[in-house]
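Student: I should like to work through this protein with you, one question at a time. May we begin with its interior?

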Amino acid sequence: MKSLTIRSYTSQDAAVIAEWFTDERSMHQWCADCFDTFPLPPEMLNWYYDSHTGEIYPFMALDGDKMVGHFFLKCTDRETVRICFVVLDPTFRGQGDGKAVMQAALAYAFDTLHAHSLSAG
């Protein structure tokens, strides 16, 4: 199975993520209507993450130096982590990268955050 690395999200990543949405419907499905502007302005994503500092932990998934996907983790209590806002670069879809992103998120949640359970939302 493909193995990806993850790194913490930076404000420069927002522009890349915003480009991954080619239609309004998919963007709204991804963010559960947290953002009402399409195309997604990168500063809106940065504002969202900045306003939730300490509550959520956004990451980028990489295959070498290529950004493949994005997600954030939210600790809902001491034992439960929620994975949210999962999205892949459209050029990497259908190649096993989504599964690899989820595996990387699981590994971080269980190995680093010491979660006992993980939910998706």
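Student: Which residues have the most contacts inside the largest nonpolar core?

Tutor: This is a predicted model, and its largest nonpolar core has 20 residues. The elements that give two or more residues to this core are α1, α2, α3, β2 (56-63) and β4. In soluble globular proteins, nonpolar side chains tend to be buried together. Within this core, the residues with the most contacts are Ile 17, Trp 30, Phe 35, Leu 45, Tyr 49 and Phe 85.

Student: How many residues does the second, separate core have?

Tutor: Besides the core just described, there is a second one, separate from it. Its members include Leu 4, Val 68, Val 81 and Phe 92. The number of residues in this second core is 15.

Student: With which residues is Phe 35 in contact, leaving aside its neighbours within four places in sequence?

Tutor: Phe 35 is one of the residues with the most contacts inside the largest core. Leaving aside its neighbours within four places in sequence, Phe 35 is in contact with Met 27, His 28, Trp 30, Leu 40, Met 44, Leu 45, Tyr 48 and Phe 85.

Student: Phe 85 appears in that list. Is Phe 85 buried or exposed, and what is its relative accessible area?

Tutor: Phe 85 lies in strand β4. Its phi is positive, about 55 degrees, although Phe 85 is not a glycine. Buried means under 20% relative accessible area. Phe 85 is therefore buried, with a relative accessible area of 5%.

Student: Why do the buried residues of α2 line one face of the helix?

Tutor: The buried residues of helix α2 (residues 24-31) are Met 27, His 28, Trp 30 and Cys 31. Seen down the axis of α2, these buried residues fall within an arc, so they line one face of the helix. On the other side of α2, Arg 25 and Gln 29 are exposed. The arc that holds the buried residues is one of 160 degrees.

Student: Which elements are included in what covers the buried residues of α2?

Tutor: The residues to be covered are Met 27, His 28, Trp 30 and Cys 31. Their cover includes α1 (13-19), α3 (42-51), β3 (66-75) and β4 (80-88).

Student: Which residue caps the N-terminal end of α2?

Tutor: The cap rests on a side-chain oxygen that lies 3.2 Å from the backbone nitrogen of Arg 25. As for what follows α2, that is Ala 32, whose phi is positive, near 50 degrees. The residue that caps the N-terminal end is Asp 23.

Student: Which two residues are joined by a cis peptide bond?

Tutor: One of the two, Pro 39, is in the loop between α2 and α3. Asp 33 is also found in the loop between α2 and α3, and its phi is positive, near 65 degrees. Omega of the cis bond is about 0 degrees. The residues it joins are Phe 38 and Pro 39.

Student: How many disulfides does a search of the whole structure find?

Tutor: A disulfide is a covalent bond between the sulfur atoms of two cysteines. For Cys 34, the nearest cysteine sulfur, that of Cys 31, is 5.6 Å away. The sulfur of Cys 75 is 11 Å from the closest cysteine sulfur, in Cys 84, which is too far for a bond. The search finds 0 disulfides.

Student: Which residues does Asn 46 touch, not counting residues up to four places away in sequence?

Tutor: Asn 46 is in helix α3. At 14% relative accessibility, Asn 46 counts as buried. The residues it touches are Tyr 9, Ser 11 and Ala 14.

Student: What distance separates the C-alpha atoms of Met 102 and Ala 61?

Tutor: Met 102 is in helix α4 (residues 97-112) and is partly exposed, with a relative accessible area of 30%. Leaving aside its neighbours within four places in sequence, Met 102 is in contact with Ile 83 and Val 86. Met 102 and Ala 61 are 41 residues apart along the chain. Their C-alpha atoms are separated by 9.6 Å.

Student: Where is confidence highest in the protein chain?

Tutor: The mean pLDDT of the protein chain is 94, and 99% of its residues reach 70 or more. Confidence is lowest in strand β5 (residues 117-120), at a mean of 92. The highest confidence, at 98, is in α1.

Definitions and conventions. Residues are numbered from 1 along each chain as its sequence is written. This is a predicted model: local features need pLDDT of at least 70, side-chain atom pairs count only at pLDDT 80 or more; totals for chains, interfaces and linings use all residues. Side-chain values use heavy atoms; hydrogens and water are left out. Buried means under 20% relative accessible area, exposed over 50%, partly exposed in between (1.4 Å probe, protein chains only). Helices (H or I, at least four residues) and strands (E, at least two) are DSSP runs, numbered from the N terminus. The arc is that of the directions from the helix axis to the C-beta atoms. Contact means heavy atoms within 4.5 Å. A polar contact is a pair of N or O atoms within 3.5 Å; within protein, one must be able to donate a hydrogen and the other to accept it, and residues adjacent in sequence count only if both atoms are side-chain atoms. A nonpolar core is a set of buried Ala, Val, Leu, Ile, Met, Phe, Trp, Tyr and Cys residues joined through side-chain atoms within 4.5 Å. pLDDT is the predictor's confidence in each residue, from 0 to 100. A disulfide is a pair of cysteine sulfur atoms within 2.5 Å.
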